[in-house]
Amino acid sequence: MTDVWSNWSGWVKAWPKALAAPATEEEVAGVLKTAVAPVRVAGRGHSFTPLVESDGTLVTIWGLTGVIDHDETTQTARIKAGTTIRDLGPELFERGLALINQGDIDRQAIAGAVGTGTHGTGGALGSISSAVTGFRLATANGDILNCNANENTDVFDAGRVSFGSLGVMTEITMKCRPVYALEEEGGRMPLDEALAKAEEFRDSNRHFEFFWFPFASDALVKFLRETDEEARPRRRKPDGEMSAGDKTMLRACEVSRHLPFLRGPLQKFLTSASGSRYAGGVSDDGEKKTKVRWSHDAFPSDRNVRFNEMEYAVPAERGPDCIREVGAYMRGCGVNFLFPLEFRYVAADDAWLSPFYQRDSVTISVHQYHKQPYKELFAGVEAIFRRYEGRPHWGKLHTLGEEDFKTLYPRWGDFQQVRRRLDPSGKFLNAHLKRIFGEV
């Protein structure tokens with residue numbers, strides 16, 4: 001019996017019989033040939049669903065790291081699957097390249113981010129998975145497949161978002177772009193104004209998003225725009241080292257946990273303390289007030305207050321109405337919570353199980369402090385998301401099963417055919433995936 005494995009929030013745990021840590025593609029293939037099922041793959045534990053849970057074999061891909069090579073002509077890079085996005089940014093930068101887009105957490109392994117459809121924001125920008133031009137996949141019997149638009153095309157279409165159900169990605173080829181700098185600005189804005197102008201902000205900025213504490217009347221808007229101005233280096237804090245903002249949030253979570261009647265005042269305080277009124281990047285004295293950083297430094301936020309999360313992607317045009325309804329429910333449900341909602345735009349793509357398959361979307365994220373129960377809060381929110389034709393993020397909490405996914409994903413049946421062909425014995429299916437795929 002190995003030691004316990006836990007995800008980042010601490011709510012998902014596994015006690016596998018065997019733990020494998022291959023450092024090469026050949027070692028991955030060798031492990032899969034003889035591994036005790038179910039075989040699950042651990043990136044960096046940033047999924048909130050029990051995707052990695054296994055009492056069989058847990059495979060870590062931490063030894064598969066680094067950029068293998070890059071092509072300046074096609075602006076692509078071959079990346080080992082266990083490379084974290086945080087480490088990938090500087091490695092690409094040294095080669096004159098950058099990811100086209102990324103989210104505000106960069107601790108994930110690139111394979112985990114790709115496999116779950118992880119994303120940033122931008123009306124014309126897709127998820128991280130949409131930038132994948134190819135990958136190598138170790139299958140249940142130890143075979144290695146090259147998957148791209150010309151080879152194993154059905155596996156390529158299915159596998160870009162497949163959360164480890166088809167095999168183990170060993171390397172990924174990503175479409176990149178030349179290095180670029182982003183200028184950040186933002187501040188407080190009345191929620192009604194942010195929603196009324198959401199499409200305008202989406203179309204006039206490379207990146208637009210907002211956070212909203214449901215008991216507050218203001219949202220916290222954030223814009224990132226490409227710029228030719230000089231980028232300033234950013235000193236990243238080591239993992240686990242809290243910023244002043246983290247410490248304030250942690251204290252507020254603990255106060256709210258013990259004194260739930262303060263959740264409303266605390267949310268209003270956190271909103272007012274998080275920034276001045278948005279004035280188009282200009283301070284009260286008329287001076288421009290923005291930050292300019294290289295893209296890999298501009299995207300991430302150092303989040304060290306742990307939480308559990310649910311996120312659904314709804315049709316883009318329905319996003320504003322949906323978040324209003326979610327906020328109203330949360331204010332009135334009587335369940336204690338403190339974290340804000342997050343609102344982001346993501347462009348449509350063509351990966352069969354992408355939450356953004358053939359649909360421009362708004363994603364709405366709901367968080368709950370990791371020391372507090374989440375099921376009652378999330379159940380009420382999920383019911384709203386489902387009325388809005390929402391598709392859940394594969395790495396974030398949901399209760400849907402195969403009958404739901406048959407309706408939500410037009411290529412669900414095609415995906416199932418590919419999965420059963422590559423893994424006929426269900427070697428990669430734990431209890432969570434059996435429920436998702438109707439194999440119980």
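**Salt bridges, cavities and backbone details**

Let me start with a single residue: at 45% relative accessibility, K406 counts as partly exposed, where buried means under 20% relative accessible area, exposed means over 50%, and partly exposed covers what lies in between, with a 1.4 Å probe and protein chains only. What you see above is a predicted model, so local features need pLDDT of at least 70 and side-chain atom pairs count only at pLDDT 80 or more, while totals for chains, interfaces and linings use all residues. Residues are numbered from 1 along each chain as its sequence is written, and side-chain values use heavy atoms, with hydrogens and water left out.

K406 has a partner, E403, and their side chains meet in a salt bridge at 3.2 Å, N to O; by salt bridge I mean a side-chain nitrogen of Lys or Arg within 4 Å of a carboxyl oxygen of Asp or Glu. Both residues lie in helix 12, residues 402-408, three residues apart, which is about one turn of the helix. For the element names, helices (H or I, at least four residues) and strands (E, at least two) are DSSP runs, numbered from the N terminus. E403, at 54% relative accessibility, counts as exposed.

How many salt bridges does a search of the whole structure find? The search returns 33, and one that links distant parts of the chain joins E226, in strand 14, with R206, in the loop between helix 6 (198-204) and strand 13, 20 residues apart. The N to O distance between the side chains of E226 and R206 is 3.8 Å. Their surroundings can be read from the accessibility values: E226 counts as partly exposed at 42%, whereas R206 counts as buried at 18%.

A further salt bridge, at 2.4 Å from N to O, is formed by the side chains of R411 and D414, with R411 partly exposed at a relative accessible area of 28% and D414 likewise counted as partly exposed, at 29%. Elsewhere, salt bridges that share partners join D104, R303, E309, E311, E342, R344 and K396 into one network.

Now to the empty space inside. A cavity here is a set of points, on a 1 Å grid over the protein atoms alone, where a 1.4 Å probe fits but cannot get out, and lining residues have an atom within 4 Å of a point. Grid points are joined across faces, edges and corners, and a volume is the space filled by probe spheres set on the points. By this rule there are four cavities of 30 Å³ or more, and the largest holds about 630 Å³ of space.

Which residues lie nearest the centre of the largest cavity? Of the 43 residues in its lining, they are S47, A111, G112, A113 and T116. Helix 3 gives the largest share of that lining, four residues, and the elements that each supply at least two residues include helix 3 (110-115), strand 4 (39-42) and strand 16 (307-315). Sorted by class, the lining has 16 nonpolar, 19 polar and eight charged residues; Ala, Val, Leu, Ile, Met, Phe, Trp, Tyr, Cys and Pro count as nonpolar, Asp, Glu, Lys and Arg as charged, and the others, Gly among them, as polar.

The second largest cavity has a volume of about 90 Å³, and of the 13 residues that line this second cavity, Q102, D104, T121, E209 and F299 are the closest to its centre. Two or more lining residues come from each of strand 13 (207-212), strand 14 (218-227) and strand 17. The classes here are two nonpolar, six polar and five charged residues.

I will close with the backbone. The peptide bond from A37 to P38 is cis, with omega near -5°, and P38 sits in the loop between helix 1 (25-34) and strand 4.

Where do we find a positive phi in a residue other than glycine? F163 is one of these, with phi near 40°, in the loop between helix 4 (153-159) and strand 11, and at 5% relative accessibility F163 counts as buried. Q75 also has a positive phi, about 55°, although it is not a glycine; Q75 lies in the loop between strand 6 (67-71) and strand 7 (76-80), and at 24% relative accessibility Q75 counts as partly exposed.

Notes
On a 1 Å grid over the protein atoms alone, a cavity is a set of points where a 1.4 Å probe fits but cannot get out, and a pocket is an open set with protein on both sides within 12 Å along at least five of seven lines; lining residues have an atom within 4 Å of a point.
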